[in-house]
Amino acid sequence: MNRFSYARPDDLAEAVQASAAQAGNRVIAGGTNLIDLMKYNVERPAHLIDITRLPGLDRIEPTPNGGLRIGALVTNSTVAYDDRIAARYKLLASAILAGASPQLRNAATTGGNLLQRTRCYYFYDSATACNKREPGSGCPAIGGLNRIHAILGTSEHCIATHPSDMCVALAALAATVHVTGPTGDRAIPFADFHRLPGDRPDRDTTLEHGEIVTAVELPPESFTTHHTYLKLRDRLSYAFALVSVAAALDLDGDTVRTARIALGGVAHKPWRIPAAEDALSGQPATAESFARAAETLLSGAQGRGHNDFKIGLARQAILRALQQAAAGTPQSQTDKRIR
């Protein structure tokens with residue numbers, strides 16, 4: 001770990017100014033990802049800006065349009081167990097409880113969850129090449145051990161996956177990310193917040209230099225009855241998803257009025273294709289309809305050898321998740337056996 005300086009700003013404006021001062025500065029809150037990266041010599045910040053004491057970012061508040069605004073410093077545990085979230089946004093609560101451990105959820109923040117970085121083996125190993133860590137050095141995962149890697153939205157420069165469970169649910173719920181920076185405030189649709197790797201895999205998000213996440217806004221539409229978060233992994237606890245599915249349906253009897261589907265563990269960002277959702281609108285909630293949606297979601301999927309199995313696994317996971325959502329029997333995050 002390299003030497004770094006540390007500051008704790010008193011307000012958001014001071015934090016933004018410090019963040020924008022130079023490229024090597026990093027904002028820290030719960031530190032559940034950044035501290036690990038510093039220990040592995042992957043992140044080498046010159047200056048840490050501690051925002052944990054900033055006022056107003058640790059609250060969950062109603063919005064004028066009937067949604068909820070979750071401050072960037074609200075912990076994952078607080079979100080999952082908040083009565084309003086548990087009642088109206090059960091999909092989000094379930095996704096959070098599917099991830100990490102209770103201890104980590106108690107420390108990890110909403111803003112930090114959005115900004116966590118890939119768990120690619122090569123990214124974490126500073127002795128190997130990695131375009132995400134050092135642009136232009138290469139991507140050994142493409143021809144190497146790539147069992148956990150992406151099958152969608154990849155590029156010749158990177159096939160890493162985004163690790164978050166919470167973000168998959170936020171993608172399905174069509175949340176909005178609020179940020180502030182040197183040029184003022186912005187509201188970013190969740191679908192536009194994370195990037196595909198392209199030729200700049202070192203950039204995970206569309207945040208501009210110096211911008212800080214302040215909140216995530218949930219829309220009024222919450223899919224309280226027909227939803228599920230299905231996570232498939234190598235072991236039942238404390239493991240990242242090989243494939244995960246956040247599915248939410250609004251049904252009129254046995255007919256789909258609205259569908260939302262997002263995938264985790266398969267791409268550089270939570271994977272959502274609106275065309276697959278639109279194709280389900282007006283269709284019967286049947287295995288045949290769900291299978292067609294799965295094919296649309298997985299169009300263009302490409303394995304790299306070790307991860308070829310993910311394509312079939314994702315297809316079956318989508319079908320099972322949509323069946324769970326349609327039946328109103330969401331996957332339990334306590335009894336993890338798949339129904």
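Here is a short chat about a predicted model, covering its aromatic pairs, a sheet and the domains.

Colleague: How many aromatic pairs are there?

Modeller: A pair of aromatic rings is described by the distance of the centres and the angle of the planes. Rings pair if their centres lie within 6.5 Å. By that rule, the count is 3.

Colleague: Take Tyr40 and Tyr124: is that pair stacked or edge-to-face?

Modeller: The two ring centres sit 5.3 Å apart, and the planes meet at 80°. Planes over 60 degrees apart count as edge-to-face, so the pair of Tyr40 and Tyr124 is edge-to-face.

Colleague: How many residues apart in sequence are the parts that this pair ties together?

Modeller: Tyr40 is in the loop between helix H2 (34-39) and strand S3 (47-50). Tyr124 belongs to helix H8 (residues 121-124), so the parts tied together are apart in sequence by 84 residues.

Colleague: And is Tyr124 buried or exposed?

Modeller: Its partner Tyr40 has 47% relative accessibility and counts as partly exposed. For Tyr124 the relative accessible area is 14%, and the cut-off for buried is under 20%. So Tyr124 is buried.

Colleague: Which residues form one aromatic cluster?

Modeller: Tyr40 and Tyr124 have already come up as a pair. The cluster has Phe123 in it too, so its members are Tyr40, Phe123 and Tyr124.

Colleague: What about Tyr121 and Tyr122, stacked or edge-to-face?

Modeller: Tyr121 is partly exposed at 35% relative accessibility, whereas Tyr122 is buried at 16%. Their ring centres are 6.3 Å apart and their planes are at 70°, so this pair is edge-to-face.

Colleague: Let's move to the open sheet: which are the edge strands?

Modeller: The sheet has 3 strands in the order S9-S10-S11, with antiparallel pairing. From one strand to the next, the twist averages 10°. An edge strand pairs on one side only, and that picks out strand S9 (226-232) and strand S11 (255-264).

Colleague: How many bridges join S10 to S11?

Modeller: Strand S10 (residues 243-252) and S11 run antiparallel. One of the bridges matches Asp252 with Thr255 in S11. The number of bridges joining S10 to S11 is 9.

Colleague: Which helix lies across S9, S10 and S11?

Modeller: The helix in question covers residues 309-327. Running at about 35° to S10, it is helix H13.

Colleague: Last one: what separates the centres of domain 1 and domain 2?

Modeller: Domain 1 takes in 5-53 and domain 2 takes in 226-327. With centres taken over C-alpha atoms, the separation is 36 Å.

Methods. Residues are numbered from 1 along each chain as its sequence is written. This is a predicted model: local features need pLDDT of at least 70, side-chain atom pairs count only at pLDDT 80 or more; totals for chains, interfaces and linings use all residues. Side-chain values use heavy atoms; hydrogens and water are left out. Rings of Phe, Tyr and Trp (its six-membered ring) pair if their centres lie within 6.5 Å; planes under 30 degrees apart count as stacked, over 60 as edge-to-face and the rest as tilted. Helices (H or I, at least four residues) and strands (E, at least two) are DSSP runs, numbered from the N terminus. Buried means under 20% relative accessible area, exposed over 50%, partly exposed in between (1.4 Å probe, protein chains only). Two strands pair if DSSP finds at least two bridges between them. Axes are lines fitted to C-alpha atoms, for helices over the stretch in contact, and angles run from 0 to 180 degrees between N-to-C directions. Contact means heavy atoms within 4.5 Å. Domain bounds come from an automatic or database domain assignment.
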